[in-house]
Amino acid sequence: AHIFGGEFSMAATSTQGRYILTLNIYADFNTLTVNNTDPNIQVHFFRKKDHVKMATSELFPQATTNIIYQNEACAGTQGLKTVELRYSREITLNPALFNDPEGYYIIWERCCRTDGVDNLENRGRNVGMAFMLEFPALLSNGQFFKNSSPDIGTPNGDYICINKPFQMSMKATDADGDELRYSLVTPLQGYTTSTAVNGTGQPYSSYPSVTWAP
């Protein structure tokens, strides 16, 4: 029960079919222990149209970074201390295999979110999460299609104080110059539990969402 959230990124290198795949996890330093820190993580690649597994890749820890809170005094009164755990690896994807026009997705499932999330049922206790990144076919009209996902960057700790001014940076960039759009959606809970904390990598047609508190 130590994870706040996180995101995937996949950056194309100068070599065709080579990418830097990264998963950033934002964790509660106060509940982060040796026992609940993953020494490495396994992510799974699926084809979108029929959920056939295409590959599995292992990502390894690269860095731990402290998140700086914008309203540090307010965050301090709550004892908040957040760190970014970065897992990454350079991978190779064969364009001849990843050529379906409906595209593909990468998934990683983990339990559990940090306790005390007031807007989730049971204050978020024992609620898992599914991190997903979708990407298009690597071939377009028979030619290699070089594409990177947006780079969200390390965020500020956006902690909102009541009756105080607040602003939030949406500073994502895209190496391909793609248009970026933002939306608020219900997070995915996935299929992990407090007793089966890691995803199995088996295919699913959908992933259940979290249940909001009343």
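Are tyrosine 204 and tyrosine 207 buried or exposed? Tyrosine 204 is buried and tyrosine 207 is buried too, where buried stands for under 20% relative accessible area, exposed for over 50% and partly exposed for what lies in between, with a 1.4 Å probe and protein chains only.

The model is a predicted one, in which local features need pLDDT of at least 70 and side-chain atom pairs count only at pLDDT 80 or more, whereas totals for chains, interfaces and linings use all residues. Residues are numbered from 1 along each chain as its sequence is written, and side-chain values use heavy atoms, with hydrogens and water left out.

**Overall build**

The protein chain holds 1 helix and 9 strands, in the order β-β-β-β-α-β-β-β-β-β from the N terminus; helices (H or I, at least four residues) and strands (E, at least two) are DSSP runs, numbered from the N terminus. The radius of gyration is 18 Å, close to the 17 Å that the globule rule gives for 214 residues, so the protein chain is as compact as a globular protein of that length; the radius is taken over C-alpha atoms, and the rule is 2.2 Å times the number of residues to the power 0.38. Along the principal axes, the C-alpha trace spans about 55 × 40 × 35 Å.

Of the 214 residues in the protein chain, 37% are buried. Among contacts with a separation of 6 or more, 66% come from residues 24 or more positions apart, a contact being heavy atoms within 4.5 Å. About 12200 Å² of the protein chain is exposed, with 50% of this area supplied by carbon and sulfur atoms, as found by the Shrake-Rupley method with a 1.4 Å probe.

**Aromatic pairs**

Rings of Phe, Tyr and Trp (its six-membered ring) pair if their centres lie within 6.5 Å, and planes under 30 degrees apart count as stacked, over 60 as edge-to-face and the rest as tilted. The count by this rule comes to 10 aromatic pairs, two of which are set out here.

| Pair | Centre to centre | Angle between planes | Class |
|---|---|---|---|
| Tyrosine 104 and phenylalanine 135 | 5.7 Å | 25 degrees | stacked |
| Tyrosine 204 and tyrosine 207 | 5.6 Å | 70 degrees | edge-to-face |

Tyrosine 104 lies in strand β6 (residues 104-110) and phenylalanine 135 in strand β7 (residues 129-135), so their pair ties together parts that are 31 residues apart in sequence. Both tyrosine 104 and phenylalanine 135 are buried, and ring pairs link them with Phe45 and Phe98 into a cluster.

**Backbone features and the loop between β6 and β7**

Cysteine 111 and cysteine 112 are joined by a cis peptide bond with an omega of about 20 degrees, and cysteine 112 lies in the loop between β6 and β7. Asparagine 126 is found in the loop between β6 and β7 as well; although not a glycine, asparagine 126 has a positive phi of about 60 degrees, and at 43% relative accessibility this residue counts as partly exposed. Histidine 51, in the loop between β3 (41-47) and β4 (53-66), also has a positive phi of about 60 degrees without being a glycine.

Valine 127, placed in the loop between β6 and β7, is buried with a relative accessible area of 9%. Leaving aside neighbours within four places in sequence, valine 127 is in contact with Cys111, Cys112, Arg113, Gln189 and Val210. The C-alpha atoms of valine 127 and serine 209 are 10.0 Å apart in space, while the two residues are 82 residues apart in sequence.
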